[in-house]
Amino acid sequence: MITSALLRRQHAWGRDELVGRGESRDWLHLKSTIIDSLDTLKLMGLQTQYKRGLDHVLMHLDLYALPFHEVSVFETTIRILGGLLSAFHLSRDVGLLTKAVQLGEMLLPAFNTSLGVALPNLMIPKDLPVELDLWRLPACVQAMQGVKQGGSTVIAAVGSLSLEFSTLSHLT
C-alpha cells in the first residue's frame, strides 16, 4: 500500500486514475484516487499519507466548481460518495460529511425517474447553485436540463446506490 500510495502521489495526485507508465487521467474530475484510498490509509495507520490526502480533499475538492460533464452515477456514488462516507466513519471529520452531503445533493436529480431508479449517467451543470433547495428539487431538475435521459440501469447498481444513500440519510 505504501508503494502504491507513493506512486499515486507522484503520478496521479489530485487526479482520478493512474493509468500506467506515469500517466494519469480525470474522468470524474473528483480526485477519486485520493478519496478511494483515505479509508485504507486510515485503517493501515499511515497517518502522514492519510492527513496529506484528507487535507487535499478538504481544500481542493470544490464540488460547485466542476466542469460541465457527464458522470456515471454508479461510479461516482461507490467511489466518491462511498469513499467520503467511509473516511468520515473512521475519522469523524465533519468536512468529509459536508462534501458527501454536497455530492449526494448533486446526484439526487438522477433519481427523478418514474420508478425512482437512478439514471445510469448524469450531466453535472457547471453553474450549480451553492445550496440546492431539496423542497424545490423537481424545479431544480428542470433548471439543470442536463439530466441525460434513456439508457439502462444495472440492477446491482440499485442495491449499491441504496447503501451509500441510506448511510448518508442516516448520518444527516
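Which residue just after H2 takes a positive phi? Gly-45 does, at about 75°. That glycine turns up again in the second view below. Everything shown here comes from a predicted model.

**View 1. The whole chain, to get your bearings.** The protein has 7 helices and 4 strands, and along the sequence they follow the pattern α-β-β-α-α-β-α-α-β-α-α. Of its 172 residues, 42% count as buried. If you look at contacts with a separation of 6 or more, 68% of them join residues 24 or more positions apart.

**View 2. H2 against H3, with Gly-45 just after H2.** Here the axes of H2 and H3 come within 9 Å and cross at roughly 145°, and the crossing is left-handed. From H2, the residues involved are Ile-34, Ile-35, Leu-38, Leu-41 and Lys-42. They meet Gln-47, Gln-49, Tyr-50, Gly-53, Leu-54, His-56 and Val-57 in H3. Sorted by class, this contact has 7 nonpolar, 4 polar and 1 charged residues. Buried positions in H2 include Ile-34, Ile-35, Leu-38 and Leu-41, and Ser-32, Thr-33, Ser-37 and Asp-39 are buried in H2 too. Just past the end of H2 sits Gly-45, with its positive phi of about 75°.

**View 3. The largest nonpolar core, centred on Leu-96.** This core has 33 residues, and Val-57, Leu-84 and Leu-96 have the most contacts inside it. Two or more residues come from each of H2 (32-43), H3 (47-60), H4 (73-91), H5, S4 and H7. H4 gives the most, with 7 residues. As general background, nonpolar side chains in soluble globular proteins tend to be buried together. Now zoom in on Leu-96: setting aside residues up to four places away in sequence, Leu-96 touches Leu-38, Tyr-50, Leu-54, Val-57, Leu-58, Leu-84, Ala-87, Phe-88 and Ser-91. Val-57 and Leu-84, which share the top spot for core contacts with Leu-96, are both on that list.

**View 4. Arg-92, in the loop between H4 and H5.** Follow the chain out of H4 and you get to Arg-92, in the loop that leads to H5. Arg-92 has a positive phi of about 60° although it is not a glycine. For context, most residues other than glycine have a negative phi.

**View 5. H4 packed on H7.** The axes of H4 and H7 come within 10 Å and cross at roughly 35°, again with a left-handed crossing. On the H4 side, the contact is made by Val-73, Phe-74, Thr-77, Ile-78, Leu-81, Gly-82, Leu-85, Phe-88 and His-89. H7 answers with Ala-157, Ser-160, Leu-161, Glu-164, Phe-165, Thr-167, Leu-168 and Leu-171. By class, that makes 11 nonpolar, 5 polar and 1 charged residues.

**View 6. Thr-77 and Ser-160, two hydroxyl-bearing side chains from the H4 and H7 contact.** Thr-77 is found in helix H4, and at 0% relative accessibility Thr-77 counts as buried. Leaving aside neighbours within four places in sequence, Thr-77 is in contact with Gly-82, Leu-107, Leu-161, Glu-164 and Phe-165. Is Ser-160, over in H7, buried or exposed? Ser-160 counts as buried, at 19% relative accessibility, with the cut-off for buried being under 20%. With neighbours within four places left out again, Ser-160 is in contact with Phe-74 and Ile-78.

**View 7. H5 crossing H7.** H5 (residues 94-107) and H7 (residues 155-171) pack at an angle of about 125°, with their axes 11 Å apart. The two helices are therefore oblique to each other, and their crossing is left-handed. Leu-97, Ala-100, Val-101, Gly-104 and Leu-107 in H5 meet Phe-165, Leu-168 and Leu-171 in H7. By class, the count is 7 nonpolar, 1 polar and no charged residues.

**View 8. Phe-111, in the loop after H5.** Phe-111 lies in the loop between H5 and strand S4 (121-124). With a relative accessible area of 24%, Phe-111 is partly exposed. Not counting residues up to four places away in sequence, Phe-111 touches Gly-116, Ala-118, Leu-161 and Phe-165. Leu-161 and Phe-165 are also among the contacts of Thr-77. Val-73 is 38 residues from Phe-111 in sequence, and the two are 9.8 Å apart in space, C-alpha to C-alpha.

Key. Residues are numbered from 1 along each chain as its sequence is written. This is a predicted model: local features need pLDDT of at least 70, side-chain atom pairs count only at pLDDT 80 or more; totals for chains, interfaces and linings use all residues. Side-chain values use heavy atoms; hydrogens and water are left out. Axes are lines fitted to C-alpha atoms, for helices over the stretch in contact, and angles run from 0 to 180 degrees between N-to-C directions. Angles under 35 degrees count as roughly parallel, over 145 as roughly antiparallel, 65 to 115 as roughly perpendicular and the rest as oblique. A crossing is left-handed if the near helix is turned anticlockwise from the far one by less than a right angle, and right-handed if clockwise. Contact means heavy atoms within 4.5 Å. Ala, Val, Leu, Ile, Met, Phe, Trp, Tyr, Cys and Pro count as nonpolar, Asp, Glu, Lys and Arg as charged, and the others, Gly among them, as polar. Buried means under 20% relative accessible area, exposed over 50%, partly exposed in between (1.4 Å probe, protein chains only). A nonpolar core is a set of buried Ala, Val, Leu, Ile, Met, Phe, Trp, Tyr and Cys residues joined through side-chain atoms within 4.5 Å.
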